[in-house]
Amino acid sequence: MLRQKVMIATPTELIARDRAACYRIRPQSDFPWLLAAMKKATEFDAYRSSYAETVNGSIAFSGLKVDYFARAKAVRLLDLIAQQIGDPHEVSVLDVGCGVGTYHPLLRGYVRSISGADPSSECLAEARLANADVDYRDFDGGVIPFDDNSVDVSFAICVMHHVPPAQWPAFVREMARVTRPGGVVAIFEHNPFNPLTKRIVSRCPFDADATLLSKRTAERHLIDAGLARVAGSYILAVPAIDGFMRKVDDALSSLPFGAQYVSYGIAR
């Protein structure tokens, strides 16, 4: 599944559409996250048209481009869905922190429906132009704008390291809230124990304030959010999408060598 080349991109701005209303419904402790989300969204706005170019500059030493790694993660997400739920064609997915919709052309045709939420209005505007069939919604950085139990799969790909650590529990709880019982909540993140990953993050301008979290930390938050059968694996110890090298990468998945990892749990 999913072996063709596809063009890509990623994140941007928070719509502070009724700040007074936000202040009325949110406790004081949430204000730092709202302010951080607004700041991060503004930063991503500056990269909305040059995300791929910026990341490619950070990973140039690898000899690969960002679209290769996006395809690798999209394939693994589809494989995870097939393993934990069944036929991906019957599944609705929600991309939390979707940015400009990098993964949506890669998933189109392989899942039943795609939705996305992001704090950046400008990124979402660009995503809508490229993916008219996707349900995009503005995300205030607190409450994911979808109903309880409304999607089969919620996933966040390299998003949590931009969320202030104090808000990681709430972020994962929100992902669990919108996911139907029996569905999957999946977190893809950078592996902080991989020296090349740390080098890439240090070279990437919009990762300047990133806080990397370990696979163990991600899985602890999934457990605390009430998810069942929490597990995960390291990925991209070797650059691989399919074939023999994918088998090698899978064989190394229990060791902290991978450039990234995926952790997941089952909603209940």
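What percentage of the 268 residues of the chain count as buried?

1. In this predicted model, 54% of the 268 residues of the chain count as buried. The secondary structure comes to 10 helices and seven strands, and among the contacts with a separation of 6 or more, 72% are between residues 24 or more positions apart. The chain exposes about 11800 Å², of which carbon and sulfur atoms supply 56%.

2. Helix H4, which covers residues 66–84, has 19 residues, and the distance from its first C-alpha to its last is 27 Å, close to the 27 Å expected at 1.5 Å a residue. Because 14 of the 19 residues of H4 are buried, this helix is largely enclosed by the rest of the structure. Just after H4 comes Gly86, for which the backbone takes a positive phi of about 140°.

3. Helix H6, residues 121–130, has two sides that deserve a separate reading. Its buried residues are Ser121, Cys123, Leu124 and Ala127, and these cover an arc of only 155° around the axis, which means that they sit on the same side of H6. In an α-helix there are 3.6 residues a turn, so residues three or four places apart point the same way. On the other side of H6, by contrast, Leu129 and Ala130 are exposed.

4. Which strands pair with E2? Strand E1 (residues 92–96) is joined to E2 by five bridges, and the two run parallel; within this pairing, Leu94 has Ser115 in E2 as its bridge partner. Strand E3 (residues 135–138) also pairs with E2 in the parallel sense, here over four bridges, and the bridge partner of Asp118 in E3 is Asp138. Strand E2 itself, residues 113–118, is mostly covered, with five of its six residues buried.

5. Is Ser202, a residue of helix H8 (residues 195–203), buried or exposed? With a relative accessible area of 59%, Ser202 is exposed, because the cut-off for that class is over 50%. A polar atom of the side chain of Ser202 nevertheless lies 2.7 Å from the backbone oxygen of Arg199, and a reader inspecting H8 may wish to view the accessible area of Ser202 together with this polar pair.

Terms used. Residues are numbered from 1 along each chain as its sequence is written. This is a predicted model: local features need pLDDT of at least 70, side-chain atom pairs count only at pLDDT 80 or more; totals for chains, interfaces and linings use all residues. Side-chain values use heavy atoms; hydrogens and water are left out. Buried means under 20% relative accessible area, exposed over 50%, partly exposed in between (1.4 Å probe, protein chains only). Contact means heavy atoms within 4.5 Å. Accessible areas come from the Shrake-Rupley method with a 1.4 Å probe; for residues, only the protein chains shown count as cover. The expected span of a helix is 1.5 Å times one less than its number of residues. The arc is that of the directions from the helix axis to the C-beta atoms. A polar contact is a pair of N or O atoms within 3.5 Å; within protein, one must be able to donate a hydrogen and the other to accept it, and residues adjacent in sequence count only if both atoms are side-chain atoms. Two strands pair if DSSP finds at least two bridges between them.
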